[in-house]
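New to this one? Here's a quick briefing to read alongside the structure.

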Amino acid sequence: MSSKPHPPLMKKHSQTDLISRLKSRKILGVGGEDDDGEVHRSKISQMLGNEMKFAVREPIGLRVWILISAVGFTAMAAMALVFPNQLYEVVFEEELSTTSISVRLYGGALLSLALIMWNGLYTAEKIIIQWTLLCEACYFAVQFLVTSITLMELGILPDAAILLLLSRVLFLVVTMAYYYSLGRKSKKI
């Protein structure tokens, strides 16, 4: 028996054979667009999801605004906790006749909000940033209403209180602008 030499084996490299590669990807279910219009490069990325869709496209100045808010809330909380009578006198231009516990409780609430602001500054999750901005906006709206009602009850309108009310309206507008611009869906590229 004479043995014939076998021809050299020709290996098919699916990496170089385009049609074979496309067939393989179609069978695996990758390479095509999903319902969101995203093209997955592998089955793993298809299963785990694309991390880029969770990335937040932040409005310009958002982190600076949250930093300013966090510092402001922390400073006001410290003033209300340490110097409650002086803080009340600055806003209402009269001495605090009752105990200072209410102003100190206000300082404690501000300190809690400041912690939320500091957390919002260091997070990358869009929903946490949105909730941080919403908490801040609610605070400004409630403070505006409470201060306005208190001033009407007292029948006074000091310059410091007017400045406080105007600043709260301005801060509320800026915060809500960031909240709404963060909530808009970004266009896919």
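**Starting from one leucine**

Leu-165 has its place in helix H7. Keep in mind that this is a predicted model. From Leu-165 we'll work outwards to a core, a pocket and some record entries.

**Leu-165 and its surroundings**

- Is Leu-165 buried or exposed? Leu-165 counts as buried because its relative accessibility is 13%, and buried means under 20%.
- Setting aside neighbours within four places in sequence, Leu-165 touches Phe-144, Thr-147, Ser-148 and Leu-151.
- Take Ser-148 as one of those partners: Leu-165 and Ser-148 sit 17 residues apart along the chain, with 7.6 Å between their C-alpha atoms.

**The nonpolar cores**

- Leu-165 also belongs to the largest nonpolar core, a group of 10 residues.
- The other members of that core are Ala-80, Leu-87, Tyr-88, Val-91, Phe-92, Val-103, Leu-151, Ala-161 and Leu-164.
- Two helices, H4 and H7, each put at least two residues into this core.
- Which of the helices gives the most to this core? That's H4, with 4 residues.
- There's a second, separate core as well, made of 8 residues, and among them are Leu-62, Trp-65, Ile-129 and Tyr-178.

**The second largest pocket**

- Rolling a probe the size of a water molecule over the atoms shows where empty space is left.
- The second largest pocket has a volume of about 580 Å³.
- How many residues line the second largest pocket? There are 23, and those nearest its centre are Phe-92, Tyr-106, Gln-143, Thr-147 and Leu-164.
- Five helices give two or more residues each to this lining: H3 (62–82), H4 (84–92), H5 (101–122), H6 (126–154) and H7 (159–183).
- H6 provides the largest share of the lining, with 8 residues.
- By type, the lining splits into 18 nonpolar residues, 5 polar ones and no charged ones.
- Some names turn up twice: Phe-92 and Leu-164 are in the largest nonpolar core and are also listed nearest the centre of this pocket. Thr-147, also listed nearest the pocket centre, is in contact with Leu-165.

**What the record says**

- An unreviewed UniProt entry lists residues 62–83, 103–121, 133–154 and 160–180 under "transmembrane region".
- In the model, residues 103–121 are 100% helix and 0% strand, and the end C-alpha atoms of that span lie 27 Å apart.
- Residues 133–154 are likewise 100% helix and 0% strand, with 31 Å between the end C-alpha atoms.
- Leu-165 falls in the listed range 160–180.

Note on methods
Residues are numbered from 1 along each chain as its sequence is written. This is a predicted model: local features need pLDDT of at least 70, side-chain atom pairs count only at pLDDT 80 or more; totals for chains, interfaces and linings use all residues. Side-chain values use heavy atoms; hydrogens and water are left out. UniProt positions are given in the numbering used here, feature names are shortened, and annotations may be inferred rather than shown by experiment. On a 1 Å grid over the protein atoms alone, a cavity is a set of points where a 1.4 Å probe fits but cannot get out, and a pocket is an open set with protein on both sides within 12 Å along at least five of seven lines; lining residues have an atom within 4 Å of a point. Grid points are joined across faces, edges and corners, and a volume is the space filled by probe spheres set on the points. Ala, Val, Leu, Ile, Met, Phe, Trp, Tyr, Cys and Pro count as nonpolar, Asp, Glu, Lys and Arg as charged, and the others, Gly among them, as polar. A nonpolar core is a set of buried Ala, Val, Leu, Ile, Met, Phe, Trp, Tyr and Cys residues joined through side-chain atoms within 4.5 Å. Buried means under 20% relative accessible area, exposed over 50%, partly exposed in between (1.4 Å probe, protein chains only). Contact means heavy atoms within 4.5 Å.
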